[in-house]
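Subject: Structure handover

Hello,

Here is the structure I promised to pass on. Please open it before you read further.

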Amino acid sequence: MNEQNILIVRCGEVALKGMNKPYFERMLVDRIRRNLKGFHGIDVKRSEGLIFVRAEKNLDIKEIIKQISKVFGVASISQAVEAPSNLDAIGAEAVQYMMGLIEEKGVKTFKVEAKRADKNFPVKSPEIGRIIGAKVLIGCKVLKVDVHQPDVLLHVDVRSDKSYIYDAKIQGFGGLPLGTNGKGMALLSGGIDSPVAAWMMAKRGMLIEAVHFHSYPYTSPRAQEKVEDLARIVASYCGRFKLHCVNLLPIQEQIVANCPEEETTIHVRMFMMRIAQRIAQDTGCMMLITGENLGQVASQTAESLVVTDASVSMPVMRPLIAMDKIDIMEKAQEIGTYETSIQPYEDCCTVFLPKHPSTKPKLERILESEAALDIDGLVEAAVAAQEVIQIFPE
């Protein structure tokens, strides 16, 4: 009888990293331990290409699985039972396992899929499957074998010391462990796109900080609280981070007073990028991350993006650039940000919005207009007045 809950955690791309695989596996184990630090009686170890999580029976195993599934780099998770690596012991444990599924789910058919990770084990995988299947049929009289559409696909993983029996594979998000790909500064608004963009870069192993722009008092404190709520959801995947809040209103007022109305949107966007770059440089970030999507709004046409990029020297990552809006919304729902994002609070982009924004700006013309502005002074003042908020996972 197993006295612990045992979880098998499988790596995704980490398994393909060749000589660097041990480093990525160590980082993945560390991230799993961090996500489970709120539980007592947890042991996390890696062995033979898998990660094993052992938890005391009194712990909430569903919540533990939920926390592990949020760790980037995890491909799948299975709740398993353990048996000594001999066929009689494996068979006895498999019978007990299936009896539990019969009682819990009313299963009637099954199929055994065996894997011999220990190549020194004297019986090959297909024969292991046949032997364990026969033992289950004898021990569970109500069951029948169905090799095409079984109610339960029973996995038997035979290893050198212990073997593992499980059925379901709970999918993780895959990707790479956090901290294996530097740090980026995400421009985080209260909309649907930017939280998804930050999440997607974190999935590629990048640590995240974020900057949020508001136009108080034109935008309300509740609008910023909404962004903080979104940041906490993102933090539940990528750990705590700093949210840099910047009041853009003084800059917007200068732009409106000195630049052509149709250029307002692109000028505001360029200042956002400059300020984000400055904060990124001060905090050790390697690149900027935006939720821009090609052609979605006036500031996201190809021409506008070219002009925007000219305002900074730092690389700009746009993971959503070619996605359909529907796909972005589905991803937001999947990661839990959607319902917060659609709350109807204003953001700084709606302040001083021109009636007919330029969709094909020319860099030379934009730079001529900006000559009337003290760009460096405005950026310095905005950065100096920023508010920094520590964001913790919700």
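Below is what I found, topic by topic.

One thing to keep in mind: this is a predicted model.

**Helix α13**

Start with α13, which spans residues 375-384. Its buried residues are Leu378, Val379, Ala382 and Val383. They sit on the same side of α13, because they cover an arc of only 130 degrees around the axis. Turn the helix to its other side and you find Asp376 and Ala384, which are exposed.

What do the buried residues of α13 pack against? The partners are β12 (241-247), α7 (249-258) and α8 (264-283).

Now zoom in on Val379. Its relative accessibility is 9%, so Val379 counts as buried. Set aside its neighbours within four places in sequence. Val379 then touches Phe271, Arg274, Ile275 and Arg278. For a sense of scale, compare Val379 with Asn58. They are 321 residues apart in sequence, and their C-alpha atoms are 54 Å apart in space.

**Helix α10**

Next comes α10, residues 325-335. Ile328, Lys331, Ala332 and Ile335 are its buried residues. Here too there is a reason to speak of one side: the arc they cover is only 105 degrees around the axis, so they share the same side of α10. Their cover includes α5 (193-203), α6 (221-238) and α11 (338-341). Right after α10 comes Gly336, with a positive phi near 95 degrees.

**Salt bridges**

How many salt bridges are there? The count is 22. Here are some to look up.

- Arg278 and Asp282: the closest N and O atoms are 3.3 Å apart. Both residues lie in α8, four residues apart, which is about one turn of the helix. Arg278 counts as partly exposed, because its relative accessibility is 25%. You have met Arg278 already, as a contact of Val379.
- Arg159 and Asp157: the closest N and O atoms are 3.2 Å apart. Is Arg159 buried or exposed? Its relative accessible area is 5%, so Arg159 is buried. Asp157 is buried as well, because its value is 4%.
- Asp309 and Arg318: the N to O distance is 2.8 Å. Asp309 is partly exposed, at 30% relative accessibility. Arg318 is buried, with a relative accessible area of 14%.

Salt bridges can also link up. Arg222, Glu225, Asp229 and Arg232 form a network of them.

**Cysteines**

A disulfide is a covalent bond between the sulfur atoms of two cysteines. How many disulfides does this model have? The count is zero. Take Cys238 as a case. The nearest cysteine sulfur belongs to Cys285 and is 12 Å away. A disulfide needs the two sulfur atoms within 2.5 Å, so Cys238 is in no disulfide. Cys238 counts as buried, because its relative accessibility is 6%. Cys11 counts as buried too, at 15%.

**A nonpolar patch**

Last, look at the surface. Leu137, Val145 and Val147 form a nonpolar patch there. Together they have about 230 Å² of accessible area. Where is Val147? Look in the loop between β6 (144-145) and β7 (152-158). Val147 has a relative accessible area of 48%, so it is partly exposed.

Best wishes

Definitions and conventions
Residues numbered from 1 in each chain as written. Predicted model: local features only at pLDDT ≥ 70, side-chain atom pairs only at ≥ 80, totals over all residues. Heavy atoms only, no water. Patch = residues over 30% accessible without salt bridge, like charges linked within 9 Å, V, L, I, M, F, W, Y side chains within 5 Å. Areas by Shrake-Rupley, 256 points an atom, 1.4 Å probe, with all protein chains shown as cover. Salt bridge = Lys/Arg side-chain N within 4 Å of Asp/Glu carboxyl O. Helix = DSSP H or I, 4+ residues; strand = E, 2+ residues; numbered from the N terminus. Buried < 20%, exposed > 50% of the residue type's maximum accessible area, 1.4 Å probe, protein only. Arc of directions from axis to C-beta. Contact = heavy atoms within 4.5 Å.
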